[in-house]
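Reader: I would like to learn how to read a cavity and the ligand inside a protein model. Could you take me through one example?

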Amino acid sequence: MGIAHTLDDVRSYWNEYVNDIEVTDYAVGSPEFFEALEKYRYEKIDYLRDYVGFENYKGKKVLEIGCGVGHDLMQFARAGADVSARDLTDNAVKLATANLAREGYTGDIQQGNAEALDIPDDTFDVVYSHGVLHHTVDTEKSIGEVHRVLKPGGEAIIMLYNRNSWLAFAAWVSGTNIEHADKDAPIIRKYSTRECRELFNAFTSVRIHVDRFPKRTLKFDNLFGKLNNYLLVPFFEILPDAIRRPLGWHIMIRANK
Ligand SMILES: C[S@@+](CC[C@H](N)C(=O)[O-])C[C@H]1O[C@@H](n2cnc3c(N)ncnc32)[C@H](O)[C@@H]1O
């Protein structure tokens with residue numbers, strides 16, 4: 001039986017292992033640091049800006065859960081959205097606040113828990129969360145919170161990991177971690193697309209898009225990194241879309257309340 005991890009375990013891991021922090025040597029929190037991480041993010045997650053269409057959310061009240069360094073929050077802010085964010089860690093709150101501030105943006109960015117948000121019912125037009133809710137103790141409870149804080153008709157945009165993906169398979173074959181080479185996140189759940197639909201069954205409409213194929217990694221200088229960079233990246237570039245699409249690592253879920 002696996003160890004039952006607590007929210008404190010999740011918080012202390014993400015406070016230390018800020019997402020992608022190891023891909024740059026610039027001083028943490030410097031403008032160059034944010035620029036390098038942002039560039040890496042949207043090269044790696046190359047579908048994200050087109051899929052989300054951040055520019056369409058001008059004037060909308062947007063909450064990001066688990067904002068990390070705040071790259072996606074920055075996209076919403078640049079588009080003219082009224083942005084708020086909650087993250088378990090004080091490190092993420094500091095970094096996301098500094099990230100937005102370097103372009104003169106502000107928002108209600110605070111420490112908070114996806115499973116018990118300090119936010120009244122029916123508050124937001126959009127609740128966005130990318131790669132977060134599968135790391136918390138009670139994922140179903142956190143999706144209940146997404147639903148609760150959305151206005152009627154409001155939109156959830158959520159990414160959860162795909163169990164049946166190239167990355168889950170490659171990590172298993174090479175025996176490597178998923179989040180960081182030296183230490184993995186305490187909780188990493190993966191779902192099938194059918195399970196994602198079930199998780200969002202309180203919503204009126206649920207649309208699913210699977211994406212995120214192999215891209216050159218700067219994070220893993222081990223067997224997994226080599227397998228990824230020299231085998232999977234070129235192989236997936238020639239695979240027909242009908243074959244590779246279900247194998248993407250990210251299940252993007254768009255659902256309305
Ligand atoms: C993999 S990082 C993703 C960060 C960001 N969304 C991104 O895509 O770069 C996971 C983030 O989720 C946050 N997180 C995990 N569990 C959480 C919870 N229960 N409530 C709020 N944030 C949480 C972590 O602190 C961390 O910043």
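Reader: Which helix gives the largest share of the lining of the largest cavity?

Author: Before answering, I should say that this is a predicted model. To read a lining, one asks which elements contribute residues to it, and here the largest share, 4 residues, comes from helix α1 (residues 7–16).

Reader: How many cavities of 30 Å³ or more are there, and what volume does the largest cavity have?

Author: The count comes to 1 cavity of 30 Å³ or more, and the volume of the largest cavity is about 820 Å³. It is lined by 49 residues, and those closest to its centre are Trp-14, Asn-19, Gly-131, His-135 and Glu-179. By class, the lining divides into 21 nonpolar, 16 polar and 12 charged residues.

Reader: Where does the ligand sit, and which residues come nearest to it?

Author: The ligand sits in the largest cavity. Around the ligand there are 19 residues, of which Arg-41, Gly-66, Asp-87, Ala-114 and Thr-136 come nearest, and this shell is made up of 6 nonpolar, 10 polar and 3 charged residues.

Reader: Which atoms of Arg-41, Asp-87 and Gly-66 should I look at beside the ligand?

Author: A polar contact is read as a pair of N or O atoms within 3.5 Å. In the side chain of Arg-41, an N or O atom is 2.8 Å from an oxygen atom of the ligand, while for Asp-87 a side-chain N or O atom is 2.6 Å from a ligand oxygen atom. With Gly-66, a backbone N or O atom lies 2.7 Å from a nitrogen atom of the ligand.

Reader: How much of the ligand's accessible area does the protein cover?

Author: On its own the ligand has 590 Å² of accessible area, and the protein covers 96% of that.

Technical notes. Residues are numbered from 1 along each chain as its sequence is written. This is a predicted model: local features need pLDDT of at least 70, side-chain atom pairs count only at pLDDT 80 or more; totals for chains, interfaces and linings use all residues. Side-chain values use heavy atoms; hydrogens and water are left out. A residue is near a molecule or strand if one of its heavy atoms lies within 4 Å of it. A polar contact is a pair of N or O atoms within 3.5 Å; within protein, one must be able to donate a hydrogen and the other to accept it, and residues adjacent in sequence count only if both atoms are side-chain atoms. Accessible areas come from the Shrake-Rupley method with a 1.4 Å probe; for residues, only the protein chains shown count as cover. On a 1 Å grid over the protein atoms alone, a cavity is a set of points where a 1.4 Å probe fits but cannot get out, and a pocket is an open set with protein on both sides within 12 Å along at least five of seven lines; lining residues have an atom within 4 Å of a point. A molecule sits in a cavity or pocket if more than half of its atoms lie within 2 Å of its grid points. Ala, Val, Leu, Ile, Met, Phe, Trp, Tyr, Cys and Pro count as nonpolar, Asp, Glu, Lys and Arg as charged, and the others, Gly among them, as polar. Grid points are joined across faces, edges and corners, and a volume is the space filled by probe spheres set on the points. Helices (H or I, at least four residues) and strands (E, at least two) are DSSP runs, numbered from the N terminus.
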